[in-house]
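User: I should like to examine how the descriptive terms applied to this structure are justified. Please take the terms in turn and set each value against its criterion.

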Amino acid sequence: MKINSKDKLIFDIAVIGGGASGMMAAIWAAESGAKVALIEKNQKLGKKLLITGKGRCNLTQENFTKDTLLDDLGRSGKFLFSALAKFGVEDTKEFFKAEGVNLKTERGGRVFPYSDSAEDILTALRKRLATNKVIVIRNNKIVSIQVKDNLIQSLSTKKGEILAKQFILCTGGKSYSGTGSTGDGYSWAEQFGHSVIEPEPALTPIRANDKWIEFVVGLTLKNVKLSVVQNNKVQDERFGDMLFTHIGVSGPIVLDMSKKVGELMKKKAKVHLSIDLKPTLTFDALDKRIQRDFQKYQNKQFKNSLEDLFPQRLIPVMIRLSKINMEKKVNKVTKEERQNLVKLTKNLIVSVTELVGFGQAIVTSGGIDLKEVDSQTTNSRKIKNLYLAGEVLDLDGPTGGYNLQICWSTGFLAGVSAAAAFKKEQGKEQED
Ligand SMILES: Cc1cc2nc3c(=O)[nH]c(=O)nc-3n(C[C@H](O)[C@H](O)[C@H](O)COP(=O)(O)OP(=O)(O)OC[C@H]3O[C@@H](n4cnc5c(N)ncnc54)[C@H](O)[C@@H]3O)c2cc1C
């Protein structure tokens, strides 16, 4: 929809931000027949959605249920109980299937469109927005919000004023700001009297300064255990896959660990990561395994005895770090040297320097304090006609489809709740 700068547009419900949560909220707000506007500052809706899952869009997570909420999201998981009960993983799958998107589930419960194209998810949402007659106003930044007596009165946009009875704020977090998520919602929330928990980059790669990493850039390690260590104590651990990059480490278990690493780094004491390359073997079992390999390759040089144990590209690194002479015959490697190799295999240390910032963070942790939002409706406890959904809230999950499911669930709840509030108010006006 095109609007001119002198226009004053009037809607029943206005949704601010056309990302995953805003589109879902607008769709369900309009389902009841309310006149809904979705306002997006970019030329296109869902710019961030298109880059999710490396363009494949991991849209939800099979194992994300009401029962796992606290484990998956920590204490803030409680807030999502109602939203997930009303619009959970199965509802999400049904929603997209109804729009003609075939889905598939990959390892670890990650759900993707069968086509491996995030574009299909966006197309489905746009189709449903059109079916429900949502008025999409693109390329229109909201610059300020007018509030009187704890009620939003209007939105001032680049092109004119927008009036509505109910409002839904879905401006996202602060990561990948090029997609439009510049944290605008946080300042408005503060202006409305909400507390905003300090937004921090989360699910980020981790910078490391170990020289050897440059020899394995691009190498993925599968099924390893990653621990974060501070004050000689393992503070947290993850099993799965990780990746070496030109700045340090990344990949699913590193991203998931980054929030904890960030928290620990604030305590000042040094933090490092420890990779157990053979987590299913105890120290003794691994020692026996290496003895068998050494038996097999007894007449070879040490440098040619490790191909059954490590990925090819990691072998030169492990040789160097083990400090065993690589030209040495395997049958001359001492017990002490072999046991040091076992130790190294179970404790390959990565020295953390810092987390990569918002520029490469998958999500923002922190945001509008959940204590000030009604979890049954997503209604703000500060502004009567305001509902909140998606990453702007102080909610974030691990990788694997959790974060988009948070958007679908809270978007749905905000949409139907704003529509119900509008209907109620309309009913009252008719009675008067
Ligand atoms: C690289 C990457 C990969 C990811 N992959 C996955 C994945 O595979 N699975 C998963 O579950 N999660 C993934 N995520 C996380 C997920 O994309 C986000 O959690 C989710 O998109 C947040 O949606 P949202 O609607 O809350 O916010 P956003 O998607 O950030 O949308 C907010 C919208 O509001 C608009 N806006 C902001 N301010 C204004 C304003 N003043 N006026 C008008 N419009 C405004 C913005 O332009 C934007 O379009 C990924 C994130 C990134 C960065």
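**Terms and their grounds**

Analyst: The chain exposes about 19,900 Å², of which carbon and sulfur atoms supply 49%. The model is a predicted one. Its secondary structure comprises eleven helices and 20 strands, and the C-alpha atoms fill a box of roughly 95 × 45 × 40 Å along the principal axes. Buried residues account for 54% of the 432 residues. Of the contacts between residues at least 6 apart in sequence, 73% join residues at least 24 apart.

User: Why is Glu31 called partly exposed?

Analyst: The relative accessible area of Glu31 is 42%. Buried requires under 20% and exposed requires over 50%, so a value of 42% makes Glu31 partly exposed. Glu31 belongs to the loop between α1 and β3 (36–39).

User: What makes the pair Glu31 and Asn132 a polar contact?

Analyst: The side chains of Glu31 and Asn132 meet at 2.6 Å. The cut-off for a pair of N or O atoms is 3.5 Å, and the 2.6 Å pair therefore qualifies on distance. Leaving aside residues up to four places away in sequence, Glu31 touches Arg128 and Asn132. Glu31 and Arg128 are 97 residues apart in sequence, and their C-alpha atoms are 9.7 Å apart in space.

User: How do you know that β5 and β6 pair, and in which sense?

Analyst: Pairing requires at least two bridges. Strands β5 and β6 (residues 110–113) share four bridges, in the antiparallel sense, so the criterion is met. Glu106 stands opposite Arg110 in β6.

User: What makes β4 and β5 edge strands?

Analyst: The open sheet has three strands in the order β4-β6-β5, with antiparallel pairing. β4 (60–61) and β5 (103–106) each have a single partner strand, so one side of each lacks a neighbour in the sheet. In general, strands of a sheet pair through backbone hydrogen bonds.

User: Which residues of α6 are called buried, and against what do the buried residues pack?

Analyst: Asp184, Gly185, Tyr186, Trp188 and Ala189 are buried in α6; the term applies to a relative accessible area under 20%. The buried residues of α6 pack against β2 (13–16), β8 (142–148), β11 (166–169), β12 (196–202) and β19 (363–368). Just after α6, Gly193 adopts a positive phi of about 100°.

User: How do you know that Lys41, Asn42 and Asp184 make polar contacts with the ligand?

Analyst: Each distance is set against the 3.5 Å limit for N or O atoms. A nitrogen atom of the ligand lies 2.7 Å from an N or O atom in the side chain of Asp184. For Lys41, a backbone N or O atom is 3.2 Å from a ligand nitrogen. For Asn42, a side-chain N or O atom is 3.4 Å from a ligand oxygen. The three pairs therefore fall within the limit. The protein covers 95% of the 1,000 Å² of accessible area that the ligand has on its own.

User: What makes up the shell around the ligand?

Analyst: The ligand is surrounded by 35 residues, the closest being Glu40, Ser181, Asp184, Glu391 and Leu404. A residue is counted if one of its heavy atoms lies within 4 Å. The shell divides into twelve nonpolar, 17 polar and six charged residues. Two or more residues come from each of α1 (20–30), α6 (184–191) and α11 (402–431). The largest share, four residues, comes from α11.

Key. Residues numbered from 1 in each chain as written. Predicted model: local features only at pLDDT ≥ 70, side-chain atom pairs only at ≥ 80, totals over all residues. Heavy atoms only, no water. Polar contact = N/O pair within 3.5 Å; in protein donor to acceptor, adjacent residues only side chain to side chain. Areas by Shrake-Rupley, 256 points an atom, 1.4 Å probe, with all protein chains shown as cover. Nonpolar A, V, L, I, M, F, W, Y, C, P; charged D, E, K, R; others polar. Buried < 20%, exposed > 50% of the residue type's maximum accessible area, 1.4 Å probe, protein only. Contact = heavy atoms within 4.5 Å.
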